[in-house]
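Please open the structure in your viewer and keep the selection tool at hand, since this tour moves from one selection to the next and says what is there at each stop.

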There are 2 protein chains.
Amino acid sequence: MATALVLLADGFEEIEAIAPVDLLRRAGIEVTLASLAEQPHVTGRCGITMHADTALSQVGERLFDLLFLPGGPGVKNLRADPRVDAAVRSHAAAGKWLAAICAAPTVLNAAGLLDGRRYTAHFSVAGELPEILADQRVVTDGNILTSRGAGTALDFGLLLVEKLVSADKAREIARSICA
Amino acid sequence: MATALVLLADGFEEIEAIAPVDLLRRAGIEVTLASLAEQPHVTGRCGITMHADTALSQVGERLFDLLFLPGGPGVKNLRADPRVDAAVRSHAAAGKWLAAICAAPTVLNAAGLLDGRRYTAHFSVAGELPEILADQRVVTDGNILTSRGAGTALDFGLLLVEKLVSADKAREIARSICA
């Protein structure tokens, strides 16, 4: 079974985190929600508190098939934590899938992973990421998967299912949720 | 400020609950997540545990501008709780907005609210709700708002914002999330 690690910091965008996790779990992928803090309660930008499955400190240097970074104001917390940068770099070095939505592609950029790549992101980070493909809801370039915001989170979740399982499974789930 | 009550039972569909709550809070609506159980931790169908803001027992007979019922396997728990039926009937009698997605329109139907109405719902409950408008992502009929599933939850959240605030606010939020 494919595995995915989702990093949650306070201020995460709820739809952007939960829609892909929901769809990945429907596809049978083993998803681990890891909080940057030691305690498992993480509160999103809209005030919804979720339970992480574990703390990032417990994950250590384990590699997953997919590392997924949701967006929202919490991205500044992802960027401030050197463990996140280390996880991004180690997953990239191992050829794993890296997925980021909204402002979170800036985390990939800070690790040097977007140089010369096609990507998208939220328009609010266009100053930092001038090559955003603003007409694309999701973009795949090699093992780098990016998307724009809460409004494209369902599309992004289905793309992640397609990459980790198959296009058939993504279509099956799309039908089941009336997408 | 408009108010909304969201009823959460174990087995709720995470995207269907969280997407509308996120968008309603972005619109400035005071949203209360109430758990049917006394303890505030509620676990969705995909294993995501959320904190409710309060327990339904604490809400009592208070009326909100909107009563919203998410779908998922948790709908059977909504239907088994006579307090949910009472809340649906009291909100309907007071002319409040009633919103239900996926299998949750069956709760409105059990309270007699769909007789002669236009509505939609998930195809899995077509046996119980033979008049589902399967080509509609969201349906408005008077104060009854319905939608089809996780894949239409963003559309539904934007419809709720339109009804409780304005079409302009819904368009503004749609733009901000790259919908």
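Begin by selecting the interface residues of chain A and then those of chain B: in this predicted model, 100% of the interface residues of chain A are also interface residues in chain B, so the two copies meet through the same surface. The selection should hold 25 residues from chain A and 25 residues from chain B.

Which elements of chain A give two or more residues to the side that touches chain B? Select α1 (14-26) and β4 (49-51) of chain A, which are the elements that do so, and note that α1(A) gives the most, with 8 residues. If you then colour this side of chain A by residue class, you will find 13 nonpolar, 7 polar and 5 charged residues.

Next, show both chains in full and consider how they are related: a turn of 180° with a shift of 0.0 Å along the axis lays chain A on chain B with an RMSD of 0.0 Å, and that is the relation of a two-fold axis. To find where chain A comes nearest to this axis, select A:Met50, whose C-alpha is the nearest in that chain, at 2.2 Å.

Finally, turn to the largest nonpolar core, which has 135 residues, and select A:Val6, A:Leu7, A:Leu8, B:Val6, B:Leu7 and B:Leu8, the members that touch the most others. Staying with B:Leu7 and leaving aside its neighbours within four places in sequence, add B:Ala34, B:Leu36, B:Leu56, B:Leu69, B:Leu78 and B:Val84 to the selection, for these are the residues with which B:Leu7 is in contact.

Note on methods. Residues numbered from 1 in each chain as written. Chains lettered and ligands numbered in written order. Predicted model: local features only at pLDDT ≥ 70, side-chain atom pairs only at ≥ 80, totals over all residues. Least-squares fit on C-alpha atoms with pLDDT ≥ 70 in both. Contact = placed C-beta atoms within 7 Å. Helix = DSSP H or I, 4+ residues; strand = E, 2+ residues; numbered from the N terminus. Nonpolar A, V, L, I, M, F, W, Y, C, P; charged D, E, K, R; others polar. Core = buried A, V, L, I, M, F, W, Y, C linked by C-beta atoms within 7 Å. Buried ≥ 20, exposed ≤ 12 C-beta atoms within 10 Å, placed from the backbone.
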